[in-house]
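Reader: I should like to learn how to read the strand pairing in a model of this kind. Could we go through it step by step?

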Amino acid sequence: MGSIAAPIFWYNISHMETKLTIDTSRVDPEGETIEGEVDCVDLDEPFVKPFGGVRYVLQIQVFGSEFLVRGRLEQDFDLVCSRCGKDFDDTIKVEDFTASFEISEDSPEVDLTEELRESIILALPTYPVCDETCPGVEQTVEMPSDDRWNVLDSLNKQGERENGKS
Ligand SMILES: [Zn+2]
């Protein structure tokens, strides 16, 4: 057995890191910074798959009956490029996360989970692109031929057939 005591965090990541709840009655009146990871983006989309949890660094402070939170969030995703259709990994970042909650002595517990989740989902690109220079699928697949060429082509074939007969 090691002799290093596990650090005791007063803020509670309950249910195995799927929730971030904070007891605001124990927040330093001067404010403080918390950081960690919480697995709360449970999207079930074929083209958008989160992996790992939301990594957060948050500045938290209580002002009277208000609890203020701001900071940075990050979540890794396995996305599908909207141009070429390939899978790629990307880290979605929220640099200016803010949230505020009304609190009272009766209910000092605040659950930040839903705010974290929503903020990450809103930051997802509508059309993910593996790379800004991604040429898309057109240049890797042969372009369908123009109708006019099809017509000429079939005329040629017809001619060949007729010539072959004679
Ligand atoms: Zn691409």
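**Reading a sheet strand by strand**

Author: This is a predicted model. Strand β3 (residues 48–63) and strand β4 (residues 66–80) run antiparallel and are joined by 13 bridges.

Reader: Which residue in β4 stands opposite phenylalanine 63?

Author: Glutamate 66 stands there. Two residues separate β3 and β4, which form a hairpin, and glycine 64 in the turn has a positive phi of about 60 degrees. Elsewhere along this pair, proline 50 has phenylalanine 77 in β4 as its bridge partner.

Reader: How many bridges pair β4 with strand β5?

Author: There are 14 bridges between β4 and β5 (residues 87–102), in the antiparallel sense. Valine 80 stands opposite aspartate 87 in β5. This hairpin has six residues between its strands, and its turn contains glycine 85, whose phi is positive at about 80 degrees.

Reader: How should one think of the side chains along such strands?

Author: In a regular strand, side chains alternate between the two faces of the sheet.

Reader: In what order do the four strands form the sheet?

Author: The order is β2-β3-β4-β5, in an open sheet with antiparallel pairing. β2 (32–38) and β5 each have a single partner strand because they stand at the edges, so one side of each lacks a neighbour in the sheet. From one strand to the next, the twist averages 15 degrees.

Reader: Which strands does helix α2 touch?

Author: Helix α2 (residues 113–123) packs on the sheet and touches β2, β3, β4 and β5. The direction of α2 makes about 135 degrees with that of β5.

Note on methods:
Residues numbered from 1 in each chain as written. Predicted model: local features only at pLDDT ≥ 70, side-chain atom pairs only at ≥ 80, totals over all residues. Pairing = 2+ DSSP bridges. Axes fitted to C-alpha atoms, helices over the stretch in contact; angles between N-to-C directions. Contact = placed C-beta atoms within 7 Å.
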